[in-house]
Amino acid sequence: MAALPRTFVRFSILGPLSFESAEPAGPAEPSAEVLPLGPLKQRLLLAMLLCRANSPVSPGLLTDTLWEDDPPRTARKNIQVYVSALRKLLDRTGDGGRLVHQGGGYLLRVGADELDALRFQQLVRSAREATGHGAHAQASRTLREALALWRGPCLSDLRFSSALQSEAERLDHRYLQAYEDWAEAELRLGNAHEVADTVGDLVERHPERERLRAAQMNALFRQGRQTEALAAYEGLRVLLAAEYGLRPSPPLEALYRSMLSGGRPDTGGPFAAAGPGAPRGAAGALGTLLPRDLPDFTGRHAQLRYLLALFGSPEIRRPRLAVLTGPVGTGKTALAVHAAHRLAGAFPDGRVLVPMRDEAGAPRSPASVLTELTRLAGLPGPRGQDGRDLEEAAAAWREWLAHRDVLLVLDDAADESAVRPLVPDAGTGSVLVTARTQLAGLASADRLELTAFDEAEGRELLGAIIGPGRLDSCHEETARILEATGRLPLAVRICGLALAVRRYLPLVEYAQRLADGRAVLDELVAGDMAVRPRLTAGWRDLSQPARSALCLLGALPDGPFTLRQAAEALNCGQDGARRTLESLMDAGAILAPDDEVTSHAALYELPRLLHVYAREQAAGAMAPAPRATA
């Protein structure tokens, strides 16, 4: 029997939400049909599934997307109805199996050729690889193709939903980054007029983006429009002073000074001014490339003092390396970012955070990380994946960093091999690493381990988000909420955010919801923040033997346990149990004893929410397979 012709589908969120289906029509292009997406709530649900394509979306996030602060009692039932209707719509294209219930949420499977946002990301990655190899013309063409996918403001018809507004703003930010990449590629190719013709509108809409301003200044200057280039800088300076009491970053100031002195503007990066007479700061600074500091950062006083003393001491003139470890959700990144913001005076050449994993949680390739760092420093990037090329690029980066007062934050490193090539052996550049595992193989590193909040810290953070008055009359309920979350900083923050937008919800009822160990992970969702995906990502990083051991240990009661109890749960001798527990501690999955004590007398503990997750995984592994039907 001949195969049925394939039906092509195309989802679009880079503009108004749309869904097209196309049947092959011989040698000609398929004729596309725009399919109706149903009522408003159904369109909102589809939009969120597409924003999180190929990842489970929790019922809590879907509820917030559809109803925000006023969900009906039948919200979850209504979601099931909308999902069923979407499956019927997808059935028309033969793809009803795309939308599945998985991992505690709903997952929509979409390919990069079927969703414009995924295609956009694919093209941008390809362009950045081309830039790393010096193929600027290819990078420019690829970025132009990526930018052409946008049909207007992202999800312009659905931004009244706060949850979708956040997703749209995330995509808008990627558009700006891609445009900036394109502008820099065009400037390297000498096409300043192309940039000057388009950059002005974006600068008007995003006046505080220094990278956009730098592209505008360079484009104008290269056209001989020096007065306008200097005026662009002055506009930003006045804006920052009036709004925030800040000055432009040192790299942008250096570019401005270079233009004042008649130097040639940069063609190799957004800030560094290359040319005769360019000051050291022009090519020697990265500026501040950090996430926003948390305005309600809480606790960690001793650890913060340690980091500020280590990295901020003027007496220490060696490359400093610190490793900040802890289980998923303990706030390692938040502490690293907070400390980096506080260390501005100690690192005049820049403070930069580089994520060591991609958006799916997988470790980034060494070539990808090196391409980003060398691009920021204005150095030649690796030409490919060849080991010699990577080592040459890494050596150039280490030499550059050794002569700069720069703090590099490597966030969520998977292992030592991802960190070693980036740390200089001498000089003043410093590196702060966050990781779930211990990274024991990094010699001479200063180490800090984060665990859960104590109760006072948990109450402080919860009160900072929802208001201390709401906690005053609910002391017992607050304690139950903190106990249910294991006082994990991420979970406590999510509780606060959920309660802040659901002011109708009494703390006693919320505490009852969290007390159900089978549902607690589904409840710990607030907008685009959730605990379950973070636990899932950490679980994927573990070896199969480690997962199996955690499933067995998950059968133990909540709270600390002894080596003997672990041996019984693991069905092995105490020496074998000790080795397994130490391996799990190295992986950041088991909390180590606080005091120096023999392994037989020590008390070990699974973090509360990982304990719940391990029980879920164990139950799923033991569930009977569905029976085959004739």
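**A parallel sheet and a set of crossing helices**

Helix α13 (residues 332-342) lies across β7, β8 (350-355), β9 and β10, and runs at about 160° to β10. This arrangement is taken from a predicted model, as are the other features described below.

The strands crossed by α13 belong to an open sheet. This sheet has 6 strands in the order β6-β8-β9-β10-β7-β11, and the pairing is parallel. Its edges are formed by β6 (287-289) and β11 (446-449); each has a single partner strand, so one side of each is left without a neighbour in the sheet. From one strand to the next, the twist averages 20°. A further helix, α12 (residues 301-312), packs on the sheet, where it touches β7 (321-325), β9, β10 and β11. The direction of α12 makes about 165° with that of β11.

The pairing can be followed strand by strand from the β6 edge. Strands β6 and β8 pair in the parallel sense over 3 bridges, and within this pair L289 has V352 of β8 as its bridge partner. On the other side of β8 in the strand order stands β9; β8 and β9 are joined in the parallel sense over 6 bridges. Here G350 is placed opposite V406 in β9. Of the 6 residues of β8, 5 are buried, so this strand is largely enclosed by the rest of the structure. Next in the order, strand β9 (residues 406-413) pairs with strand β10 (residues 430-435), again in the parallel sense, over 5 bridges. In this pair V409 stands opposite L432 in β10.

A second region of interest comprises helices α24, α25 and α26. The description of such packing rests on two quantities, the angle between the helix axes and the distance between them. For α24 and α25, the axes come within 8 Å and cross at roughly 110°, which makes α24 roughly perpendicular to α25. The residues involved are A549, L552 and L553 of α24, together with A566, A569 and L570 of α25. By class, this contact of α24 with α25 comprises 6 nonpolar residues, with no polar and no charged ones.

The axes of helix α25 (residues 563-570) and helix α26 (residues 574-586) come within 9 Å and cross at roughly 95°, so that α25 is roughly perpendicular to α26. On the α25 side, the contact involves L563, R564, A566, A567 and L570, which meet Q574, A577, R578, T580 and L581 in α26. The residues of the contact of α25 with α26 fall into 6 nonpolar, 2 polar and 2 charged.

Between helix α24 (residues 544-553) and α26, the axes come within 11 Å and the crossing angle is roughly 110°. Helix α24 is therefore also roughly perpendicular to α26. In this contact A546, A549, L550 and L553 of α24 meet T580, L581 and L584 of α26. The contact of α24 with α26 has 6 nonpolar residues and 1 polar residue, and no charged residue. Several residues recur among these contacts: A549 and L553 of α24 meet both α25 and α26, A566 and L570 of α25 meet both α24 and α26, and T580 and L581 of α26 meet both α25 and α24.

A single residue outside these two regions was also examined. R480 lies in helix α19 (residues 475-484) and counts as partly exposed, with a relative accessibility of 30%. When its neighbours within four places in sequence are left aside, R480 is in contact with V508, A511 and Q512. The C-alpha atoms of R480 and L514 are 8.4 Å apart in space, although 34 residues separate the two in sequence.

At the level of the protein chain, the secondary structure comes to 27 helices and 13 strands. Of the 630 residues in the chain, 50% are buried. Among contacts with a separation of 6 or more, 65% are between residues 24 or more positions apart. The accessible surface of the chain comes to about 28,900 Å², and carbon and sulfur atoms account for 52% of this surface.

Definitions and conventions
Residues are numbered from 1 along each chain as its sequence is written. This is a predicted model: local features need pLDDT of at least 70, side-chain atom pairs count only at pLDDT 80 or more; totals for chains, interfaces and linings use all residues. Side-chain values use heavy atoms; hydrogens and water are left out. Axes are lines fitted to C-alpha atoms, for helices over the stretch in contact, and angles run from 0 to 180 degrees between N-to-C directions. Helices (H or I, at least four residues) and strands (E, at least two) are DSSP runs, numbered from the N terminus. Angles under 35 degrees count as roughly parallel, over 145 as roughly antiparallel, 65 to 115 as roughly perpendicular and the rest as oblique. Contact means heavy atoms within 4.5 Å. Ala, Val, Leu, Ile, Met, Phe, Trp, Tyr, Cys and Pro count as nonpolar, Asp, Glu, Lys and Arg as charged, and the others, Gly among them, as polar. Two strands pair if DSSP finds at least two bridges between them. Buried means under 20% relative accessible area, exposed over 50%, partly exposed in between (1.4 Å probe, protein chains only). Accessible areas come from the Shrake-Rupley method with a 1.4 Å probe; for residues, only the protein chains shown count as cover.
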